[in-house]
Amino acid sequence: MIRVMIADDHKLFAEGLSRALDSLPDARVVGVVESGPELSTALSGQPAEVSIVDIEMPGGDGIDTISELGNRTKAIVVSMHASDDQRARAADAGAKGFFSKAVPLDTLAAAVRAVASGRDLIQLQDHERDEVLAEYSEAQLDPGAASLTEREKEILRLLAVGVSATDELADRLYISQKTVKNHLASIFQKLAVSDRTQAAIEAIRLGIAKPT
Amino acid sequence: MTAPASWEQRVHRSVVIGQFVALTVAIISDLVTNGPSEESLVAAAIGSVYAIGSAALPEAWYRRRLGVESITLAGAFLTIIAITLTGGASSPYLLLSMGPPIFATVYGGLRVGLTTGLLSAGLLALVTLSSDEPILDAVPAMALYLVFILLVGVIRKLLEDIHQQNVNLVAEKETATQRLEALEEIHAVLLKLSEDVSAGRLNAVEVGAETLDTILTRIPGAAGKLAIRGDEGLVMLAARGVPDPEGETYQIPITTADSNVGMMELVTPDPLPDSDRKEVEDYLQPLGIAFANLQLLQDIAGSAVAEERLRLAREMHDEIGPSLASLGLSLDLTAMQQADNPELTADLKVLRSNVTKLVEDVRAKVADLRTAPGPTFTARLLQSTSGMEGEPPIVIDLDERRPPRSAFIGDLTSVVTEAVRNSHQHSHASKVLVSGRIQRDWGTVQVVDDGVGFDPTIVPHGHFGLLGMRERAEKIGATIDFNSKSGVGTVVTLEWGNR
């Protein structure tokens, strides 16, 4: 699971971006802040592998913040100022990616995955970058989520539509209540959750299940 | 030749009348004293001949040096004969003999007057001596000659001075009137400028061209250029006429009380008299004020526009752009979640691509708004055609209210410059005129020459630029039209946008 922090003073865009990235099965937005200094503070309390940073923000330039953050996070610049000059500045500051705000979600998602796994996109030519991004177009699920069995996914789908009582689950799946409990324990462990509601939410997020 | 002074005519009439009175008195007094003798009659006849003759001769004769000398010399002899015949120093004709010296003084001045007077006095002395009378008897008469001459001489001098002063006054009045007329004309120009300012029509190129035209019509054969001082040195506004290579070149600064706002270069066939130069400076003075005001206006308008551009850029960058980008992400998200509904996904993808275009458009506009506007089309054209010297002259007369967009202005300048170059090099015209109106997104520019012309369907030698001009015009969405007739001339018209 890739933890992502967003720093953008435009609320509507930050919210939209947060919602979009959160919808990815392999990424989770752990914080949305409105300035460079806030980003620095937020990262102290909540680590994030990747940060999406705007350039023009109150309280200072986003690129300066990236340079101050160093290795604490891998930064991707997403800005309205997508000029070559700014790209060069961002590269100097240590940013790993650089996109205009017109960037489509699948491109940004691939970029987040690529940067999180250590790739540097900012120095690449457009066609080279597209090749790299193509490698990361699919969600890379956690080992836990990836190891879910078909029966466990079936239980998660039922949880997501509100079937949560043990007896009901047992009746639907024609299995014993004991077996249901065993499956649930396995699911909780694999998804690192502690109850059925959290498991349902996680299942929806991972794209395994759909809400009603 | 100066017109006869009225005082000369008046004195002439007075002397003529005086002579007739003196003659009448002399004849009567002689007849009463000596009775009708042969001598008396002859003296009366001679006196009459002189009096009538001097009155009858045209005044113009007196005004000639030889004329006045002959008349007064003859007069002096005639009157002396009359005096000799009627008693010498005590003759009643003595008064009449004052006539010739007075005429001589009036018309010839003191020197001629004295000569005639001394001649009369000398003759009188001779007559007195020859008649064995004591010379002392003649002295009062001789003194009288001198007194009369001096009196008339002094009066003449006074009158002449007055006359001269009058002439000077008239000349001064004429100069003052001319100056006043010139000032009135300048005032009219100033008034028009002020009207233009209030109507928002003030345009440096227009005002400069108008002033240059006005100045050049007053100096035949002159050519001139007019430039305004901009942020990056002098910017040429207008050029008129073909400079005479052997003419005199004047560089006249255009100034206001505290700054130098431009320069005019004037080439005249002959050296310019100080008065004309002063006049040109007078003409340039309102222009200086206009330019200074214009610069001020432009500064104010410029900073207002710059502020507005920045505000717009900020708004687009801060609000519109990110909101659109956010909309795009939402569309992506929906498409992802509805992956099993291909119809909806296809619609969403079209929508998404439109949103992406919009965001990119906003980004480009923001970049455009954040760059300061460059020089006007007129300034660029003046610059690009400045190297084309010699015949035919290039006259640029454009009404550029707002410069074309920066994405457009470069190609526009290239196309028009090419048209001007073709006319300048190949047309053998008497002049090449660039005219038109430009209002940012629409405009029309014509390049006209009265040269040899060509057939636009057959690309003649040296006109290889036509295709390139057409392509360039198409690129910027303008239409270009070549209208040319052999021997009549060529009109190239470039148009863009809708008015």
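Two residues are in contact here if their C-beta atoms, placed from the backbone, lie within 7 Å. Keep that cut-off in mind, and remember that this is a predicted model.

**Exercise 1. Describe where chain A meets chain B, from the chain A side.**

Step 1: Start with the counts. With the 7 Å cut-off, 16 residues of chain A are in contact with 19 residues of chain B.

Step 2: Look for the helices involved. On the side of chain A that touches chain B, helix H1 (11-22) and helix H5 (105-116) of chain A each supply at least two residues. H1(A) gives the most, with six residues.

Step 3: Sort the residues by class. That side of chain A holds nine nonpolar, four polar and three charged residues.

**Exercise 2. Find out how strand S1 of chain A is placed and which strands it pairs with.**

Step 1: Check burial. A residue is buried if 20 or more other C-beta atoms lie within 10 Å of its own. Five of the six residues of S1(A), residues 2-7, are buried, so the strand is largely enclosed by the rest of the structure.

Step 2: Go to strand S2 (residues 27-33) of chain A. S1(A) and S2(A) run parallel and are joined by six bridges. For a spot to look at, A:Ile6 stands opposite A:Val32 in S2(A).

Step 3: Trace the link. The chain goes from S1(A) through H1(A) to S2(A), a β-α-β crossover that is right-handed. You've met H1(A) already: it gives the most residues to the side of chain A that touches chain B.

Step 4: Go to strand S3 (residues 50-53) of chain A. Four bridges pair S1(A) with S3(A), in the parallel sense. Here A:Ala7 has A:Val53 as its bridge partner.

**Exercise 3. Work out how helices H8 and H10 of chain A sit against each other.**

Step 1: Get the geometry. H8(A), residues 150-160, and H10(A), residues 177-191, pack at an angle of about 90° with their axes 10 Å apart.

Step 2: Name the arrangement. Angles of 65 to 115 degrees count as roughly perpendicular, and H8(A) and H10(A) are therefore roughly perpendicular to each other.

Step 3: List who touches whom. H8(A) brings A:Arg151, A:Glu152, A:Ile155 and A:Leu156, while H10(A) brings A:His183, A:Leu184, A:Ser186 and A:Ile187. By class, these residues split into four nonpolar, two polar and two charged.

**Exercise 4. Lay out the five-stranded sheet of chain B and the helices on it.**

Step 1: Set the scene. Chain B has 12 helices and nine strands, and buried residues make up 35% of its 499 residues.

Step 2: Write down the strand order. The sheet is open, with mixed pairing, and reads S5-S6-S7-S9-S8.

Step 3: Pick out the edges. Strand S5 (394-402) and strand S8 (479-485) of chain B each have a single partner strand, so one side of each is left without a neighbour in the sheet. From one strand to the next, the twist averages 5°.

Step 4: Zoom in on one pair. Strand S6 (residues 432-439) and strand S7 (residues 442-449) of chain B are antiparallel, with eight bridges. One of the matches to spot is B:Leu433 with B:Val448 in S7(B).

Step 5: Add the helices. Helix H10 (residues 377-385) of chain B packs on the sheet, touching S5 and S6 of chain B, and its direction makes about 160° with that of S5(B). Helix H12 (residues 465-475) of chain B lies across S8 and strand S9 (489-496) of chain B, at about 150° to S8(B).

How values were computed
Residues are numbered from 1 along each chain as its sequence is written. Chains are lettered from A and ligands numbered from 1 in the order in which they are written. This is a predicted model: local features need pLDDT of at least 70, side-chain atom pairs count only at pLDDT 80 or more; totals for chains, interfaces and linings use all residues. Ala, Val, Leu, Ile, Met, Phe, Trp, Tyr, Cys and Pro count as nonpolar, Asp, Glu, Lys and Arg as charged, and the others, Gly among them, as polar. Two strands pair if DSSP finds at least two bridges between them. Axes are lines fitted to C-alpha atoms, for helices over the stretch in contact, and angles run from 0 to 180 degrees between N-to-C directions. A residue is buried if 20 or more other C-beta atoms lie within 10 Å of its own, exposed if 12 or fewer, and partly exposed in between; C-beta atoms are placed from the backbone. Angles under 35 degrees count as roughly parallel, over 145 as roughly antiparallel, 65 to 115 as roughly perpendicular and the rest as oblique. A crossover is right-handed if, with the strands pointing away from the viewer, the path from the first strand over the helix to the second runs clockwise.
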